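This report goes through a protein chain in terms of its charges, its overall form and one of its sheets. Please keep the sequence and the coordinates at hand while reading.

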Amino acid sequence: MPKDLRNFIQQISTTIPDQIQMVTEKVDPKFGVTAIAGRLAKEGKFPALFFTNLKGSSLPLVINLTATYERLALALDTSVAQMTRVYGERELKPIPPKVVNDGPVKEIILKGEKASLSVLPIPTHNELDSGPYITGGVLICKEPDTGRHNAGIYRHEVQADDQLGVYFQGAHHAGYIYQRYNEKNAPMEVAIAIGHYPAFMLGAVSRVAGVGGEFEEAGALLGEPVELVKAETVDLLVPAGAEIVIEGIIPPHETHFEGPFGEWPGYYVAEGEKPFIKVKAITMRKDAIYYDVFPASREHLVLGSLPRMGNIY
C-alpha cells in the first residue's frame, strides 16, 4: 500500500505513542487548535495533536505532526543523527511519479456551489491573522511553456467560500510561473493537495533546481513513486493518496487584499494586494483528515529546515 498521511499517524501510534495525543473535546478552529498547541509548546512539549470534534465541520484535524526531528526521521526510516545524510543521498536518486486511474482522494467529488471551503475545518491561527489560512497545502501548477508540474507550500487566506488568497515570494518558482501566465494573459490552473505522508511534504519544500522536480524528489524521499491521478476540473496531476485536493484557477492581472499573517520568523508580515484562486472543485476521502501546519512555531521551522540541511549536504 502506498504511503499516506494515515500510514504515518499509525506509525507514530505504534512506535512512539507518547508523541501523539487525541483531543476529543469540542474545539473551535478559530484560535482553539493553536491555543492548545501553543500552551503545550510553552511547556516544552510538541506532540502531534489529533482533533476529532471541531466546531462547524465533521472532519478531524491533525496539527504539529511534523514538529520534531524525531518524527521527520521516522518518516525517512532513519535516525535523527543520520537524517541529513540520508536526505542528501536520496536526493541524488529521484524516482519518477506513477500515474494511476483513480485514488482515495476521488471518493468524494464536490463541484460548483457544493465545492465550498466551509466544509473544511480551516483554522485561524494567530490573534492578528486576517482570517483562516490553509498552511499545510501543497500548491501544484504547470509551467505553460514546458508543461512541467511544480509543487510548493504557500499560505492561502480564506477570502470567500470559493476564493483563496495565494502569496508568492520573489524566489518562488510558482511565482515565476504565475508571471508567465500573466504575460500570456491566461488563467493559471492550480490544485492544492492537503494531507500526505511527511516525505511528500518535505519534497514539496525542497530546493530543487529549476522549475518542477518536486514529485520526483518526494518519490526519492518516500522510497517509492508518488501516485498521481488526473484532477477533475483542471489539467493537472494530483496526489492520488492525498486527503483533500482543492482545484481552481488564478485569474491573470487580478488581485485581492491579503494579510496580515503570522509567518515563520514570528512576525506578522506582507499584507497587501496578492493573486487569488477561484475554487472550482474539492475532492477528498470519505473520512478525510485535515492536515494543518502550525505557523510561526517550531513545526513551521522544523518542516522547512530539514530540506535545507539535506540540500546543503
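## Charged side chains and exposed surface

In this predicted model, the protein chain carries 38 negative side chains and 30 positive ones, and the centres of these two sets lie 2 Å apart. The area that the protein chain exposes comes to about 13100 Å², of which carbon and sulfur atoms supply 53%. As for burial, 57% of the 313 residues of the protein chain count as buried.

## Overall dimensions and fold content

The radius of gyration of the protein chain is 18 Å, which agrees with the value near 20 Å that a compact globule would have with 313 residues. Taken along the principal axes, the box that the C-alpha atoms fill is roughly 50 × 45 × 40 Å.

Eight helices and 20 strands make up the list of such elements in the protein chain. Among the contacts with a separation of 6 or more, 74% come from residues that are 24 or more positions apart.

## A sheet of three strands

Three strands form an open sheet in the order β4-β12-β13, and the pairing in this sheet is mixed. Because β4 (98–99) and β13 (237–239) each have a single partner strand, they stand at the edges, and one side of each is left without a neighbour in the sheet.

The pairing between β4 and strand β12 (residues 227–230) is in the parallel sense and runs over two bridges. Within this part of the sheet, Lys98 stands opposite Glu227, a residue in β12.

Conventions
Residues are numbered from 1 along each chain as its sequence is written. This is a predicted model: local features need pLDDT of at least 70, side-chain atom pairs count only at pLDDT 80 or more; totals for chains, interfaces and linings use all residues. Side-chain values use heavy atoms; hydrogens and water are left out. Helices (H or I, at least four residues) and strands (E, at least two) are DSSP runs, numbered from the N terminus. The radius of gyration is taken over C-alpha atoms; the globule rule is 2.2 Å times the number of residues to the power 0.38. Buried means under 20% relative accessible area, exposed over 50%, partly exposed in between (1.4 Å probe, protein chains only). Contact means heavy atoms within 4.5 Å. Accessible areas come from the Shrake-Rupley method with a 1.4 Å probe; for residues, only the protein chains shown count as cover. Lys and Arg count as positive and Asp and Glu as negative; His and the chain ends are not counted. The place of a charge is taken as NZ of Lys, CZ of Arg, CG of Asp or CD of Glu. Two strands pair if DSSP finds at least two bridges between them.
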